[in-house]
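These notebook entries record what I looked up in one structure, entry by entry. The sequence and the structure come before the entries.

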Amino acid sequence: MSAKGRVKCPKKQLPCLHGQMIIRVLDERSDPGPLPLGFGALPGNSGESKELEEAAAVLARADDDSGLCPTLEDIADMETRIIQIKPDCREWKLQEEAALREAGEVIRQGGLVAFPTETVYGLGGDALNPQASCKIYAAKGRPSDNPLIIHICQFEDIYRIVKQVPETAVKIAEAFWPGPLTVILPKAELVPYETTGGLDTVAVRFPSHPVAKKLIEYGGGYVAAPSANASGRPSPTLAKHVAEDMSGRIDMIVDGGEVGIGLESTIVDLTAEVPRILRPGYITQGMLNKVFGKVDIDVTIIKPDSGQPPKAPGMKYRHYAPTGRLVIVEGEAGQVTAYINEQTAKDRNAGEKTGVIGTAEVLEQYHADVVKCVGSRENEEDIARNLFTVLREFDEEKVTSIYSESFSSEGLGQAIMNRLLKAAGHSVIRL
């Protein structure tokens with residue numbers, strides 16, 4: 001068997017960062033014979049000792065068929081069960097607790113369970129099980145260098161999965177945990193690279209949703225969970241959205257009703273000298289400034305992707321996109337409505353089915369085939385909660401050309417615009 005044959009991550013399967021690393025190292029050796037135990041002692045590889053030791057650990061895990069990176073083919077066509085849980089834990093009875101224990105056991109056994117959080121529905125797997133993380137990537141069709149967030153159910157659990165908990169992490173947790181905030185810290189050895197997208201940092205969140213907290217507890221305490229949608233699609237705010245994308249790909253969906261916020265968590269990098277927002281969310285820059293005095297914002301939040309490896313979910317790839325083409329229009333309200341009406345008329349004449357994302361204040365002025373109200377500008381929380389649902393509804397109605405108003409770049413509006421820009425592939429018309 002060739003040297004490449006020993007890496008159980010074939011090209012047709014999900015990209016495996018460590019598999020690629022092992023192949024590269026082996027290809028550089030003149031003798032592709034059996035791998036010795038002491039990788040670091042190989043001649044000519046002194047500069048790659050750490051890399052090779054990591055490769056050895058991966059090969060040890062992949063020494064049997066369980067080491068194969070699963071593909072969508074491997075997990076497709078399974079039976080996906082849906083269980084309903086009241087979002088208010090005060091209303092739970094024995095059957096709700098039993099159902100959540102069962103869902104937790106699915107995660108402990110390496111399976112995948114979608115569940116509600118206060119932000120969006122998450123797709124959960126055992127964060128400390130490399131195969132479970134690979135299954136998440138496969139089910140979503142997600143690039144394997146896009147890190148997963150580890151969800152915990154009590155603050156003390158963070159000490160096992162990060163190398164060191166700085167004072168900044170304690171301060172931010174005291175202010176916003178449990179809640180819609182994720183922190184980036186150096187990872188501990190316990191956390192597999194399959195979960196971190198090959199990075200030496202780990203994203204950690206302590207959610208506030210009672211269903212999420214209980215499921216994480218029953219699932220072993222460490223649940224990797226990106227949004228429970230097919231990669232690139234709008235994030236799910238209802239269980240039916242999860243079912244549209246994930247039925248037949250995952251073991252179970254916990255239906256806890258509509259989520260409260262509707263946008264993914266704020267992500268803050270605490271490895272930088274000054275805390276830096278990598279993804280805006282419900283916890284705004286202003287709120288964080290009150291804790292730290294000053295917080296930076298990553299430039300990729302409002303600019304096209306940089307091509308750098310993503311340090312947090314949502315930084316590198318197009319996300320949240322409807323099937324139809326989406327364009328954001330910026331300018332004075334009257335100019336925006338006039339321009340959008342002009343463009344939708346042209347698109348309709350060209351055979352397109354047109355749509356508009358508008359606010360309550362000017363909604364009646366639009367003349368597209370499908371006009372969706374995302375909320376009032378007086379209530380940005382409503383806009384955030386409705387945005388992904390509206391994007392999915394355009395797909396349901398087979399709209400091919402969509403125009404959206406723009407929103408404030410301050411406060412929660414910054415998070416709304418970040419998601420819209422990603423969904424539109426940064427296609428913006430400025431009047």
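Is C373 buried, partly exposed or exposed? I worked from a predicted model, and in it C373 has a relative accessibility of 35%, which counts as partly exposed.

**Entry 1: cysteines**

I then looked up C134, which is buried at 5% relative accessibility. I also searched for disulfides and found zero. A disulfide is a covalent bond between the sulfur atoms of two cysteines.

**Entry 2: a serine in a helix**

I turned next to S133, a residue of helix α5, which covers residues 130-140. The relative accessible area of S133 is 0%, so I noted S133 as buried, the cut-off for buried being under 20%. Leaving aside residues up to four places away in sequence, I listed the contacts of S133 as D126, A127, L148, E194 and T195.

**Entry 3: salt bridges**

How many salt bridges does a search of the whole structure find? I recorded 20, and I looked at several of them in turn.

The first pair I noted was E330 with R430, whose closest N and O atoms are 3.3 Å apart. E330 belongs to strand β12 (residues 325-330) and R430 to strand β16 (residues 428-430), so this salt bridge ties together parts that lie 100 residues apart in sequence. I noted E330 as partly exposed, at 22% relative accessible area, and R430 as exposed, at 62%.

The next pair was E397 with K372, a salt bridge with an N to O distance of 2.6 Å. E397 sits in the loop between α13 (380-396) and β15 (401-405), and K372 in strand β14 (residues 370-375), so the pair links parts 25 residues apart in sequence. I found E397 partly exposed at 29% relative accessibility, whereas K372 is buried at 13%.

I also looked up E405 and R377, whose side chains meet in a salt bridge at 2.8 Å, N to O. Strand β15 holds E405, and the loop between β14 and α13 holds R377, so parts 28 residues apart in sequence are tied together. E405 is buried, at 4% relative accessibility, and R377 is partly exposed, at 39%.

Lastly, I noted one network, in which salt bridges with shared partners join R233, E244, D245, R392 and D395.

**Entry 4: helix α13**

I followed α13 from its start. There, a side-chain oxygen of N379 comes to within 3.2 Å of the backbone nitrogen of E381. The helix has 17 residues and reaches 25 Å from its first C-alpha to its last, close to the expected 24 Å.

Where does α13 bend? I placed the bend at N386, with an angle of about 40°.

An α-helix has 3.6 residues a turn, so residues three or four places apart point the same way. With this in mind I looked up the buried residues of α13, and among them are I383, A384, L387, F388, L391 and F394. R392 and D395 are also on the list of buried residues in α13, and both belong to the salt-bridge network noted above.

What do the buried residues of α13 pack against? I listed the helices α10 (239-246) and α14 (412-423), together with β12, β13 (354-359), β14 and β15. After α13 comes K398, and I noted its positive phi, near 55°.

Methods:
Residues numbered from 1 in each chain as written. Predicted model: local features only at pLDDT ≥ 70, side-chain atom pairs only at ≥ 80, totals over all residues. Heavy atoms only, no water. Salt bridge = Lys/Arg side-chain N within 4 Å of Asp/Glu carboxyl O. Helix = DSSP H or I, 4+ residues; strand = E, 2+ residues; numbered from the N terminus. Buried < 20%, exposed > 50% of the residue type's maximum accessible area, 1.4 Å probe, protein only. Expected span 1.5 Å × (residues − 1). Bend = angle between axes of the 7 residues up to and from the residue. Contact = heavy atoms within 4.5 Å. Polar contact = N/O pair within 3.5 Å; in protein donor to acceptor, adjacent residues only side chain to side chain. Disulfide = S-S within 2.5 Å.
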